[in-house]
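Here are some short exercises to work through with the model open beside you. Try each task before you read its solution.

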Amino acid sequence: MMAGGSVSECREYLFKVLVIGELGVGKTSLIKRYVHQLFSQHYRATIGVDFALKVIHWDSKTLVRLQLWDIAGQERFGNMTRVYYKEAVGAFVVFDVTRGSTFEAVSKWKHDLDSKVKLANGSPIPAVLLANKCDQKQDSTSNNSSLMETFCKETGFLGWFETSAKDNINVDEAARFLVENILANDQGLPYEESNGDKVKLDQEAVAAESKSQCC
C-alpha cells in the first residue's frame, strides 16, 4: 500500500518492535532514552505492556514509524506473550551486564520469541541483543567480545551492542542497526496507508486482555 499516488512519493512504514528481557534490565529506560531523550533512576516496573512511538525520517523518501512494545520482564511466565508478539517485525532482547542471571535468561527469551512470531516467509524476526547498563561494573560474560559474538551466532541474534540508557551509549546505533535489517526484509512489509485505526484497535485489545489478566 502506498501513501498517496505517485511512486516517487514518500514511503511510510509502521514497524512493531518488541523490547523484552528479564525484570529490571532497563527496557523502559532504553525506550525513554531513545524516544524522548530522557533518563530517570526511578521508573516503576512495567505491568503487562506499554507502548512508545518513534518517528524516523530514514531518508528523503522513507518515513519509518517504530511502535516499541515495552513488555514486562515477568510476562514470559504468562500466556499473554503470544498476543503481545503478534505481527512484530523486529525485537530487542535486553540483559543487565551487572547481573549474570539476566544474561542466562536471554536464550529462553529468544527461544520464546522464535516460537511465537515469525516473518511472512517463516524465518525468525530480526533480533538484536542489548548488553545494557555498560556504564556500571560488568560481569565477565558481557566483557568478552568474542564470547558474545559466538553466543549471537549460536542463538540467532543479528548482533549485539553494549548500551547505557543513562549515558546514552549506542541506543540510537542499536535501533538504526535493527531498522536497517527490518527494511532489508522488505517482503511482507507493505507501505502504510491508514493503519492507525488497526494499531489503535490492537492496543485496545491488548489493554483489555491485560486488565482481565490482572483481575
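**Exercise 1.** Find which residue of E6 stands opposite Leu-130, and place the pair in its sheet.

Solution. Start at Leu-130: across from this residue, in E6, stands Phe-161. Next, look at the strands: E5 (residues 127–132) and E6 run parallel and are joined by 5 bridges. Strands here are DSSP runs of E with at least two residues, helices are runs of H or I with at least four, both numbered from the N terminus, and two strands pair if DSSP finds at least two bridges between them. Now widen the view: the open sheet has 6 strands in the order E2-E3-E1-E4-E5-E6, with mixed pairing. Strands E2 (49–59) and E6 (159–163) stand at the edges with a single partner strand each, so one side of each has no neighbour in the sheet.

A word on the source: this is a predicted model, in which local features need pLDDT of at least 70 and side-chain atom pairs count only at pLDDT 80 or more, while totals for chains, interfaces and linings use all residues. Residues are numbered from 1 along each chain as its sequence is written, and side-chain values use heavy atoms, leaving out hydrogens and water.

**Exercise 2.** Is Lys-110 buried or exposed, and which residues does Lys-110 touch?

Solution. First locate Lys-110 in helix H4 (residues 106–116). Its relative accessible area is 3%, so Lys-110 is buried (under 20%; exposed is over 50%, partly exposed in between, with a 1.4 Å probe and protein chains only). Finally, list its contacts (heavy atoms within 4.5 Å): leaving aside residues up to four places away in sequence, Lys-110 touches Ala-127, Thr-155, Gly-156 and Phe-157.
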